[in-house]
Amino acid sequence: MATINVRRDVQDSFYRYKMPRLQAKVEGKGNGIKTVVVNMAEIARALSRPPSYPTKYFGCELGAQVKCDDKNERYIVNGDHDANKLQSTLDGFINKFVLCQSCKNPETDIIIKNDEILMDCKACGARNNADMRHKLSAYIVKNPPAVASKNVRKQRKAATAQANNTGEDATEALDGDEAADAGNGSDDDIISQRIQKQAAGLNMESKLALEDWSEDTSEAAVAQRMKELSVKGSGAFTGGDDDDDEVDNKYNAFGDWLESAKDHTDEAIIKKAEELGVFGKYKACLVLVQCIFDENVITQIPKRAKLLRKFVTDEKHQKATLGGIERIIGLNHKDALLKKTPTILMKLYDLDIIEDEVFLKWGEKPSKRYVDRDISKDIKKAAKPFLEWLETAEEEDSDEDSE
């Protein structure tokens, strides 16, 4: 299937945002003639919007009745319309309801608040109001994106990879723990997940009583801890081209630069990451979190919210960010921060840095991806109040949607 840039005014063949070229098929005759948009579902996935939105937009702009059959993925516009005409009309939809009005990237999520449409950009962090004068806006307010479809950034990434036909993101779709979960039936219902977590958890008080809280300050011990803090020494990353020494050295150089001073501006950090070629990579999130935060992470997170939004752009970035938080708590400041884990996670939640589903997946079971499994178990045990609250909020949202 031929692909085109989401923004057709961009002529760069390496433009990262792609979508399938619209395909139209005219059916019927006379008064019953209609145009079927054959690949509307694929286009919608690339744009991270429900297929009904662009279809309804066609109806508004072309003055035609439309039909949306989500079950069979069949989307119809009454009348005879050629593909080029519909493609040009789709450009208008993308400009009004997909692109960020600040940075012009299609990395936006739709948020309905007080009967207004907010375009939340995950690329630059801006939130802009959509054009509420357009007829489609009323339809979107009445039919907001489904709650179950929160992981839109992962869908956008997968759709872009499919459109590019590179397959390079296929191996990154699941990390090591998630791949193992896929083979062990991790799609249990919420109740089963709770039972599993309760069965896997150890008594926090007895566990902490066994911990050796003394810290060895010898030169060898300090060198070992520095090694554990390095990206390459973590043992967390396996597979892919990013495992060679040259690439790992870039992340270590980024970490060393961040550690060289604590007053780097957001702009300077982004510029340095771009110079080293690590900006936009999920490992950069792990390095960033470990280097810019310390035992005062609770007060530091809001001050760095804008920077985090620019680095954390999809699910893998969010997982790496939580991995960095685990390392700050477990390797650096366990005594001071372990009991404050729910507060730290709530800060990330309030600022929309991490999605609900990523939090819940992260909390399902301990992992040795970023820290020792026992340390991970302690951290996720400490996070249990926040995770239970989040599950309850999810269930309440689901009940409200059902009503």
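In this predicted model, four bridges link β5 to strand β6 (residues 74–78), and the two strands run antiparallel. They belong to an open sheet of four strands, one of two sheets taken up below along with a pair of crossing helices, a mostly buried helix and two loop residues with positive phi. Across the protein, the secondary structure amounts to 20 helices and nine strands.

**The sheet that holds β5 and β6**

- Where do lysine 67 and its opposite number sit? Lysine 67 faces isoleucine 76, which lies in β6.
- The strand order in this open sheet is β3-β4-β6-β5, and the pairing is antiparallel.
- Each of the two edge strands, β3 (24–27) and β5 (66–69), has a single partner strand, so one side of each has no neighbour in the sheet.
- From one strand to the next, the twist averages 20 degrees.
- As general background, strands of a sheet pair through backbone hydrogen bonds, in either a parallel or an antiparallel way.

**The sheet of β7, β8 and β9**

- Here three strands make an open sheet in the order β7-β8-β9, again with antiparallel pairing.
- β7 and β9 are the edge strands, and each has a single partner strand, so one side of each is left without a neighbour in the sheet.
- The twist in this sheet averages 30 degrees from one strand to the next.
- Six bridges hold strand β7 (residues 108–113) to β8, and these two strands are antiparallel. Within that pairing, isoleucine 112 stands opposite isoleucine 117 of β8.
- β7 and β8 form a hairpin with two residues between the strands, where asparagine 114 has a positive phi near 55 degrees.
- On the other side, three bridges join β8 to strand β9 (residues 127–129), also antiparallel. Aspartate 120 has arginine 127 in β9 as its bridge partner.
- The hairpin of β8 and β9 has five residues between its strands, and glycine 125 in the turn shows a positive phi of about 85 degrees.
- Is strand β8 mostly covered or mostly exposed? Strand β8 (residues 116–121) is mostly covered, with five of its six residues buried.

**Helices α2 and α3**

- For two packed helices, the useful descriptors are the angle between their axes and the distance between the axes.
- The axes of helix α2 (residues 52–62) and helix α3 (residues 83–97) come within 10 Å of each other and cross at roughly 110 degrees.
- With that crossing angle, α2 is roughly perpendicular to α3.
- The crossing of α2 past α3 is right-handed.
- Which residues make the contact? From α2 they are Tyr53, Pro54, Tyr57, Phe58, Glu61 and Leu62. From α3 they are Lys85, Leu86, Thr89, Leu90, Gly92, Phe93, Lys96 and Phe97.
- In an α-helix there are 3.6 residues a turn, so residues three or four places apart point the same way.

**Helix α1 and the loop after it**

- Why is helix α1 (residues 40–47) described as largely enclosed by the rest of the structure? Six of its eight residues are buried.
- Those buried residues are Met40, Ala41, Ile43, Ala44, Ala46 and Leu47.
- Just after α1 comes serine 48, with a positive phi of about 55 degrees.
- Serine 48 sits in the loop between α1 and α2, and its positive phi occurs in a residue other than glycine.
- The relative accessibility of serine 48 is 10%, so this residue counts as buried, the cut-off being under 20%.

**A second positive phi, at aspartate 352**

- Aspartate 352 is not a glycine, yet its phi is positive, at about 60 degrees.
- This residue is found in the loop between α17 (341–350) and α18 (356–362).
- Is aspartate 352 buried or partly exposed? Its relative accessible area is 34%, which makes aspartate 352 partly exposed.

**The protein as a whole**

- The protein has 403 residues, and buried residues make up 45% of them.
- Among contacts with a separation of 6 or more, 63% are between residues 24 or more positions apart.
- The exposed area of the protein is about 20800 Å², and carbon and sulfur atoms supply 47% of that area.

Methods:
Residues are numbered from 1 along each chain as its sequence is written. This is a predicted model: local features need pLDDT of at least 70, side-chain atom pairs count only at pLDDT 80 or more; totals for chains, interfaces and linings use all residues. Side-chain values use heavy atoms; hydrogens and water are left out. Two strands pair if DSSP finds at least two bridges between them. Axes are lines fitted to C-alpha atoms, for helices over the stretch in contact, and angles run from 0 to 180 degrees between N-to-C directions. Buried means under 20% relative accessible area, exposed over 50%, partly exposed in between (1.4 Å probe, protein chains only). Contact means heavy atoms within 4.5 Å. Accessible areas come from the Shrake-Rupley method with a 1.4 Å probe; for residues, only the protein chains shown count as cover. Angles under 35 degrees count as roughly parallel, over 145 as roughly antiparallel, 65 to 115 as roughly perpendicular and the rest as oblique. A crossing is left-handed if the near helix is turned anticlockwise from the far one by less than a right angle, and right-handed if clockwise.
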